[in-house]
Amino acid sequence: MKRSSTFLITVLCFGFAFLYVPILSMMAFSFNRSRLATVWGGFSTQWYGKLFSNQQVLKAAMLSLEIALVSATLATILGTLAGLALARFTHFRGRALFAGLVTAPLIMPEVITGISSLIMFIWMAEWIGWPGTRGFTTITIAHITFSMTYVTTIVQARLSAMDMSVEEAAMDLGSRPWQVLKDVTLPIISPAIVSGWLLAFTISLDDVVITNFTTGPGYTTLPILIWSKVKLGVTPDINALATIIVLVVAMGVFAAGVILNRAEARRAADAQLAYQANG
Amino acid sequence: MLKRLDAWFNKKGWRDSIIALPYSWLILFFLLPFIIVIVMSVAHRANASPPIGFKDAWPFIYLDNYIRLGSDWIYVRAYAISLINAGIATFLCLVLGYPMALGMTRVSKERQRMLLMLVILPFWTSFLLRVYAWIGLMGTNSWFNRLLTSIYNTLTPAGFNVDSIPMMNTNFAVILVLVYSYLPFMVLPLYANLEKLDFTLNEAAMDLGSRPSSVFRDITLPLSIPGIIAGGLLVFIPASGELIIPSLVGSASDPMIGRVISDEFASVRDWPMASAVAVALLLLLVGPTIAYNYFEAKAQGGKSPT
Amino acid sequence: MSAQERDKPLIRIENVTKTFNDFIAVNDVSLDIMEGEMFALLGGSGCGKTTLLRMLAGFETPTAGRITIGGQDMAGVPPYQRPVNMMFQSYALFPHMTVEKNVGYGLKHENLTDKQRKDRVKEMLDLVQLTQFAARKPHQHSGGQRQRVALARALAKQPKLLLLDEPLGALDKKLREHTQFEIANIQYKTGITFIVVTHDQEEAMTLANRIAVMDRGVIKQVGSPTDIYEFPRSKFVADFIGSVNLFPARVEKVGGNEIICDVPQLGQRITAAAPASGIPNKADISVAFRPEKVVISRQKPKGGGNVLSGVVQDLGYFGKDSLYRIRLDSGTVISVNSVNARRAAESDRVAQWEDRVWLSVEPGSVLVLED
């Protein structure tokens with residue numbers, strides 16, 4: 001009886017067209033022979049060739065990947081710890097402030113996060129002489145701060161959905177709190193930790209605003225490079241670069257989705273079998 | 001020694017370190033910078049490095065920056081434009097996103113999963129590139145602009161015909177791209193809310209004599225208000241502080257507040273003023289944020305928003 | 001119920017079939033339900049009873065067949081235009097409305113003055129004794145109270161037919177017994193035709209004056225509770241309602257009012273009352289008898305009837321009655337239920353573990369099942 005009206009289907013189609021036509025159009029124009037990025041001049045893959053011989057782009061991409069790997073890993077560690085603290089320790093001094101600090105970066109406009117990080121780095125350099133120059137370290141620190149709270153949100157949600165009696169059972173069977181965490185809690189929340197890492201990784205890889213404020217001379221990440229080029233207008237080589245990025249991300253998300261779906265389906269099938277075996 | 005460390009760790013240490021590590025990181029790299037910004041907002045611009053100075057005598061603070069915020073038309077206007085743009089974008093996201101989210105709950109479970117993935121996918125792809133994609137569409141030579149122009153020209157009498165529709169560097173462009181970029185933020189919480197609603201309530205209303213349109217008005221709509229508010233704030237809050245979109249597709253003469261902060265800081269090099277503008281923006285967003293946390297919890301509950 | 005009323009079916013279900021993709025939920029069901037009846041659809045989960053109910057309410061459309069209510073064909077009539085209301089299993093109370101608004105919701109669409117509407121809501125709340133809670137929201141009520149709100153809401157529109165989907169399913173045992181009588185009482189007061197869907201045979205037996213037993217989309221038997229219990233017409237019905245000792249048998253001799261069958265599992269012959277429809281000699285049938293129809297004793301009973309002998313393998317004492325599991329000499333185990341009519345100490349019981357006992361079953365209590 002759950003029927004869907006023609007109106008809803010129409011809006012659904014329009015909405016998804018709205019979401020995807022710009023990206024698909026951009027991808028199509030990356031195969032444009034013409035230098036004019038918006039007028040079709042025949043099919044060509046020349047821009048992809050040019051892109052792979054562009055040292056500047058490759059260098060920026062490498063830097064972005066390095067920063068994303070380091071910051072996502074550290075953000076996942078810190079974010080998971082914060083998630084554990086908030087979900088499992090309901091009473092400790094300063095918990096309210098801690099909870100606030102965890103949600104604030106999610107809502108804080110990026111401009112303000114970026115500027116305040118930069119100002120602090122400048123002051124720290126004045127007072128304690130560190131960081132001497134801005135670059136890899138400062139960008140990474142800013143990215144960790146920003147993305148760890150996303151990890152926390154995911155981990156915390158998973159922990160509060162988790163059956164606490166499993167942990168109590170482990171403790172009842174003689175595990176120390178630390179062993180419970182290691183043997184029971186962390187394995188159970190590991191999917192959340194993995195998605196947290198992936199999210200932190202993409203956030204770092206994608207960030208423009210905060211990077212723009214915390215970077216220093218010689219440290220151009222891929223988004224910063226694109227940003228500076230885009231300001232000058234649309235060019236076919238950015239279309240090509242964008243197409244590659246979008247396809248890689250789409251495939252990653254798709255693969256993750258398929259794997260998660262399959263795991264889910266298997267769990268459902270197992271449960272069904274077990275149910276039939278019992279019933 | 002190792003044994004004692006182990007004992008300490010098992011007793012209390014593991015707990016303390018779990019809390020202390022992320023807590024101190026956030027205090028050092030998030031709270032401290034933010035406090036510095038607040039402090040700086042009551043300083044004044046100076047020829048120094050960093051380019052600020054404080055008042056020499058008690059109470060050492062300048063409130064001039066904040067006074068300028070209220071009296072200088074540039075700032076008032078920028079706040080107004082930000083809030084209006086974000087407000088219109090939020091409304092349009094709701095108008096488009098609500099039927100989308102509702103439509104998603106009315107298809108088969110497998111299809112729901114696929115559509116959900118399609119909504120989330122743009123969220124994972126680069127924000128910058130999605131804005132960039134629109135630059136390609138809005139230019140006067142683009143197929144999209146020409147399509148819109150020809151539609152416009154067939155609808156209007158010959159005297160009003162135009163060669164192309166000016167879209168880039170307008171407020172219209174900012175709103176359009178805001179809607180585009182933040183639509184998933186509206187659809188996701190709404191979908192989560194609507195999907196949790198018990199469909200037997202709709203059946204009960206229909207059984208009691210309501211046509212589908214009244215069922216929507218009496219049951220679905222009131223029960224999805226927490227989702228509407230959560231989604232609305234999830235769009236409104238980041239949209240009002242947006243920097244990338246107004247910088248790339250907006251007009252320089254109608255700046256949004258994010259751009260003002262950035263310009264004030266980078267071009268004018270008036271750090272104290274930039275800080276004051278930022279602090280004021282945050283104060284404006286405190287109310288909506290508290291409201292968001294409240295309604296998000298309710299939307300998650302789904303069943304009985306009473 | 002008078003004979004005149006019986007002749008007037010309010011609901012006619014004619015050859016109705018409903019399939020979902022490959023699954024046949026309801027298979028060629030025909031059923032007449034009379035005006036003012038309290039009718040029960042009884043069956044296990046997935047038997048099609050709920051699908052049948054939802055077709056009556058208009059939430060599902062029959063794949064084939066016809067449903068008429070009060071002479072009107074229901075094909076193409078949407079739920080909101082049917083003279084039918086439903087009490088949902090989950091109650092489906094609107095969480096954002098007060099009890100009063102919930103009960104009055106259906107009346108919004110009727111041509112009533114405000115006063116009439118108010119009076120009707122008050123009347124309904126009085127009927128279910130919830131008048132003092134009118135201004136509260138559903139979540140402030142207990143399960144039993146919510147159930148009554150749902151009942152009042154469905155009755156407020158004065159439907160020709162009220163559908164109740166597992167009305168007592170969510171209540172605990174004590175409340176269930178009380179509510180059964182309350183529902184029966186309300187049905188009597190309002191005179192509205194009730195159709196109750198349930199998987200609970202006790203609920204069906206106490207509530208309904210007629211029961212349809214369903215299995216895998218098909219109605220196996222329709223009849224009064226007594227019919228269904230004492231005269232089941234198939235192994236399924238005999239087994240589904242109550243418990244039963246059931247064995248394959250072969251007719252050896254047909255004579256007068258009685259037939260004699262050979263029952264290999266019991267290792268002896270059993271005499272049973274001959275079914276009215278008649279039965280051929282040498283037919284393969286099943287015989288069955290309910291545990292409480294068996295009389296247990298320590299002495300060999302005198303006189304006629306079927307007499308079996310065995311030892312007590314298991315014994316369950318429930319206070320008002322006891323359940324014995326007796327292993328016959330043939331090795332077959334049968335259940336015997338015996339009312340503890342006399343107060344007795346444990347040592348004084350009819351039988352103890354491993355005691356040899358005698359069982360007797362009247363031929364009239366033996367069911368002969370032909371399917």
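Helix H5 of chain C is mostly covered in this predicted model, since twelve of its 14 residues are buried, where buried means under 20% relative accessible area, exposed means over 50%, and partly exposed lies in between (1.4 Å probe, protein chains only). Among the buried residues of H5(C) are C:Gly144, C:Gln145, C:Arg148, C:Leu151 and C:Leu155. The helix runs over residues 143–156 and reaches 20 Å from its first C-alpha to its last, close to the 20 Å expected at 1.5 Å a residue; the expected span is 1.5 Å times one less than the number of residues. Helices (H or I, at least four residues) and strands (E, at least two) are DSSP runs, numbered from the N terminus. After H5(C) comes C:Gln158, whose phi is positive, near 45 degrees.

Because the model is predicted, local features need pLDDT of at least 70 and side-chain atom pairs count only at pLDDT 80 or more, whereas totals for chains, interfaces and linings use all residues. Residues are numbered from 1 along each chain as its sequence is written, chains are lettered from A and ligands numbered from 1 in the order in which they are written, and side-chain values use heavy atoms, with hydrogens and water left out.

Helix H8 of chain B, residues 199–207, is also mostly covered, with nine of its nine residues buried. Its buried residues, including B:Phe199, B:Leu201, B:Glu203 and B:Met206, pack against helix H9 (212–223) of chain B, and also against helix H2 (49–57), strand S6 (84–87) and H5 of chain C. H8(B) is followed by B:Gly209, which has a positive phi, near 105 degrees.

One residue of this helix, B:Glu203, is linked with C:Arg54 and C:Glu60 in a network of salt bridges; a salt bridge is a side-chain nitrogen of Lys or Arg within 4 Å of a carboxyl oxygen of Asp or Glu. Over all chains, this rule gives a count of 30 salt bridges, and three pairs in chain C are listed here.

| Acidic residue | Basic residue | Closest N to O |
|---|---|---|
| C:Glu37 | C:Arg210 | 2.4 Å |
| C:Glu60 | C:Arg54 | 3.3 Å |
| C:Glu292 | C:Lys293 | 3.4 Å |

C:Glu37 lies in the loop between strand S2 (23–34) and strand S3 (38–42) of chain C, while C:Arg210 lies in strand S9 (residues 210–215), so their salt bridge ties together parts that are 173 residues apart in sequence. C:Glu37 is buried, at 1% relative accessible area, and C:Arg210 counts as buried at 16%. In the second pair, C:Glu60 is buried at 14% and C:Arg54 is buried at 17%, whereas in the third pair C:Glu292 is partly exposed at 35% and C:Lys293 is partly exposed at 24%.

The interface of chains B and A takes 83 residues from chain B and 89 residues from chain A, where contact means heavy atoms within 4.5 Å. The area buried between them is about 8100 Å², of which carbon and sulfur atoms give 84%; buried area is the accessible area (1.4 Å probe) that two parts lose on being put together, summed over both. In chain B, the residues that lose the most area to chain A are B:Phe30, B:Trp124 and B:Tyr132, together 10% of what that side buries. Between chain B and chain A the count is zero salt bridges.
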